[in-house]
Amino acid sequence: METLHTPRLVLRPFEPEDLEDFYAYAQDPEVGPRAGWKPHANRQETEKILRGFIRDGEVWALWHREDKKVIGSLGLHRDATRSVEDVRMLGYVLARPYWGQGLMPEAAEAAMDYGFARLGLALISVAHFPFNAASRRVIEKCGFSYEGTRRHALRRYDGMVLDECCYSMTWEEWQALRGSNGPGKG
Ligand SMILES: CC(C)(COP(=O)(O)OP(=O)(O)OC[C@H]1O[C@@H](n2cnc3c(N)ncnc32)[C@H](O)[C@@H]1OP(=O)(O)O)[C@@H](O)C(=O)NCCC(=O)NCCS
């Protein structure tokens, strides 16, 4: 995975030194549960996940240029609901002090450009829980199309059964959105 640059962020692979920055938002009870995961109870939990990020190479650390720290993550994951190979699912979280500044749309658009132009993806999907209006706004701002709501999609770590609002963008839609000057597929 390549390092990507946006006006306020650098999207780069995670490093072992990111542990404290990662733990700072991973233990926040307002962050993980909105994305479906349990807040981390200690640094050991964060370290285990961090090792997985480094090993699997599908998640970028969001490095804040001005504050010089990692403030979130964004991944292009396998979409477990689709068997087609050239499809990825977008997932993201941001540390709470940085919410509401348009940082995630900025990061997501860079990742989408990379996914379509560099990886040659045919489709990128993304989903949010019905209560997550902030994530819905990110998805809308990025130009995804609403597919529908998958009811009783999953049981979260706390036992809650949640619906998922599902969206996607095809390569053709991305090209139309970015204009005809965008790079060609493949
Ligand atoms: C979802 C999330 C990534 C949004 O990132 P962001 O960079 O704050 O996105 P934006 O700045 O574009 O704001 C999106 C919306 O958040 C809402 N918002 C803005 N400031 C906020 C704040 N301080 N607190 C809560 N929500 C806020 C607004 O509705 C905003 O929409 P608007 O721009 O139309 O007003 C971030 O809220 C987050 O990390 N949440 C917890 C994890 C999560 O939900 N991950 C996604 C799982 S699908």
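Student: How many aromatic pairs does a search of the whole structure find?
Tutor: This is a predicted model, where local features need pLDDT of at least 70, side-chain atom pairs count only at pLDDT 80 or more, and totals for chains, interfaces and linings use all residues. Residues are numbered from 1 along each chain as its sequence is written, and side-chain values use heavy atoms, without hydrogens and water. Rings of Phe, Tyr and Trp (its six-membered ring) pair with centres within 6.5 Å (planes under 30 degrees apart are stacked, over 60 edge-to-face, the rest tilted). The search gives 8.

Student: Why does the pair of Phe-14 and Phe-53 count as stacked, edge-to-face or tilted?
Tutor: The ring centres are 5.2 Å apart. The planes of Phe-14 and Phe-53 stand at 40 degrees, so the pair is tilted.

Student: How many residues apart in sequence are the parts that this pair ties together?
Tutor: Phe-14 sits in the loop between strand 2 (9–13) and helix 1 (19–26) (DSSP runs numbered from the N terminus: helices H or I, at least four residues; strands E, at least two). Phe-53 belongs to helix 3 (residues 43–56), so the pair links parts whose separation in sequence is 39 residues.

Student: Which residues form one aromatic cluster?
Tutor: Phe-22 and Tyr-25 make a tilted pair, 5.4 Å centre to centre with 45 degrees between the planes. Both lie in helix 1, 3 residues apart, about one turn of the helix. The one cluster consists of Phe-14, Phe-22, Tyr-25 and Phe-53.

Student: In what order do the 8 strands form the open sheet?
Tutor: The pairing is mixed, and edge strands 1 (4–5) and 7 (145–155) each pair on one side only (pairing takes at least two DSSP bridges). The order is 1-2-3-4-5-6-8-7.
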